[in-house]
Amino acid sequence: MRDLERDAAVIEERRRIAREIHDTLAQGLAAIRFQLELAQGEANLPPQATRAVQLAYRIAGENLVDARRTVGELRSNRPSLESLLTAAVDAVRRLGPTEIVANLDSIPARPANVVHELSRIAQEAMLNAMRHACARNLRVRLTSIPGVVWLAITDDGKGFEPARISTGFGLQGLSERAASIGAELSITSEPGQGAQIVVTWSSPVTAAAA
């Protein structure tokens, strides 16, 4: 009985925190973005001020994505990977005109840290494609076979040479996140040809059998 009461208390506290983040941080960031959007319409701003406003607008948007994603996590007792990816895609869609197509299979439950890191990799890859590659179209694909999860983020942006900027544009962070859960990360891109980031995670049992 005590375990049930404790679990209920934890769930209620998570939901309370989610409400607080939604009603304060998320709403505040949304209001800041709205005011910055109005400021970008001012014709008399000097170039330096215009760049600062645009940067602040982008940063506020990216943090709003994080806030909304956190709210989704807190409101779920144990969110599935596909639900977190859906929330991340929806949040990124709100940032701009980039078209995002998501094909997300329902996959078996995975460890919480794996679910968290894979969803963050997808979110950061989408933001990088919008921020640096000026992508007009993004595709997110999630599928699995027994013991293996496969996640791919593909964009039609301006592309790059992975070997030359392997530590820049957030790619280092993606590599570190993948390494933290024992996943393999591959990046395929060429200048003018877009990019594809693929993450493959295998359960320890599957990896050992191989």
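Where is Cys-134 found? Let me open with that residue, as a way into the structure shown above. Please bear in mind throughout that this is a predicted model.

Cys-134 sits in the loop between H4 and E2. Its phi is near 55°, a positive value in a residue other than glycine. Is Cys-134 buried or exposed? With a relative accessibility of 53%, Cys-134 counts as exposed, because the exposed class begins over 50%.

From that loop, I turn to the overall layout. The protein contains six helices and five strands. Read from the N terminus, these elements follow the order α-α-α-β-α-β-β-α-β-β-α. The protein has 210 residues, and 36% of them count as buried. Among the contacts with a separation of 6 or more, 72% are accounted for by residues 24 or more positions apart.

I come next to the sheet. It is an open sheet of five strands, arranged in the order E1-E2-E3-E5-E4, with mixed pairing. Which strands lie at its edges? They are strand E1, residues 99-104, and E4, each of which pairs on one side only. On average, and with direction ignored, neighbouring strands of this sheet are turned by 10° against each other.

Consider the two ends of the sheet in turn. At one end, E1 and E2 run parallel and are joined by six bridges. Within this pair, Val-101 has Arg-139 in E2 as its bridge partner. At the other end, E4 and E5 pair in the antiparallel sense, over six bridges. Here Glu-184 stands opposite Thr-200 in E5. The hairpin of E4 and E5 has five residues between the strands, and in this hairpin Gly-192 takes a positive phi near 80°.

The helices deserve a closer look, beginning with H3. This helix has 13 residues and reaches 18 Å from its first C-alpha to its last, close to the 18 Å expected at 1.5 Å a residue. Its buried residues are Leu-81, Glu-82, Leu-84, Leu-85, Ala-88, Val-89, Ala-91 and Val-92. What covers the buried residues of H3? The cover includes helix H2, residues 47-75, together with E1, H4, E2 and E3.

H4 is likewise mostly covered, with 16 of its 20 residues buried. Its end C-alpha atoms are 28 Å apart, which agrees with the 28 Å that 20 residues should span at 1.5 Å a residue.

Let me move on to H5. Its buried residues are Leu-171, Leu-174 and Ala-178. Why can these residues be said to line one face of the helix? Seen down the axis of H5, the buried residues fall within an arc of 60°, so they line one face. These buried residues pack against H4, strand E4 and E5. The helix itself lies across E4 and E5, and runs at about 150° to E4. Leu-171, one of the residues of this helix, has a relative accessible area of 5% and is therefore buried. Leu-171 and Glu-124 are 47 residues apart in sequence, yet their C-alpha atoms are 9.0 Å apart in space. After H5 comes Gly-182, whose phi is positive, near 70°.

Finally, I shall describe the nonpolar interior. The largest nonpolar core has 38 residues, of which Leu-81, Leu-118, Met-126 and Leu-151 touch the most other members. At least two residues of this core come from each of helix H3, helix H4, strand E2, strand E3, helix H5 and strand E5. Which element supplies the largest share? That element is H4, with ten residues.

Leu-118 shows what such packing looks like around a single residue. Neighbours within four places in sequence aside, Leu-118 is in contact with Leu-81, Leu-85, Val-149, Leu-151, Ile-181 and Val-199. A further core, of eight residues, lies apart from the largest one; its members include Ala-18, Ala-26, Val-71 and Leu-74.

To close, I return to the two points I would ask a newcomer to keep in view. The sheet is open, with its five strands in the order E1-E2-E3-E5-E4. H4 supplies ten residues to the largest nonpolar core, and the loop between H4 and E2 holds Cys-134, where this talk began.

Notes. Residues numbered from 1 in each chain as written. Predicted model: local features only at pLDDT ≥ 70, side-chain atom pairs only at ≥ 80, totals over all residues. Heavy atoms only, no water. Core = buried A, V, L, I, M, F, W, Y, C linked by side-chain atoms within 4.5 Å. Buried < 20%, exposed > 50% of the residue type's maximum accessible area, 1.4 Å probe, protein only. Helix = DSSP H or I, 4+ residues; strand = E, 2+ residues; numbered from the N terminus. Contact = heavy atoms within 4.5 Å. Arc of directions from axis to C-beta. Pairing = 2+ DSSP bridges. Axes fitted to C-alpha atoms, helices over the stretch in contact; angles between N-to-C directions. Expected span 1.5 Å × (residues − 1).
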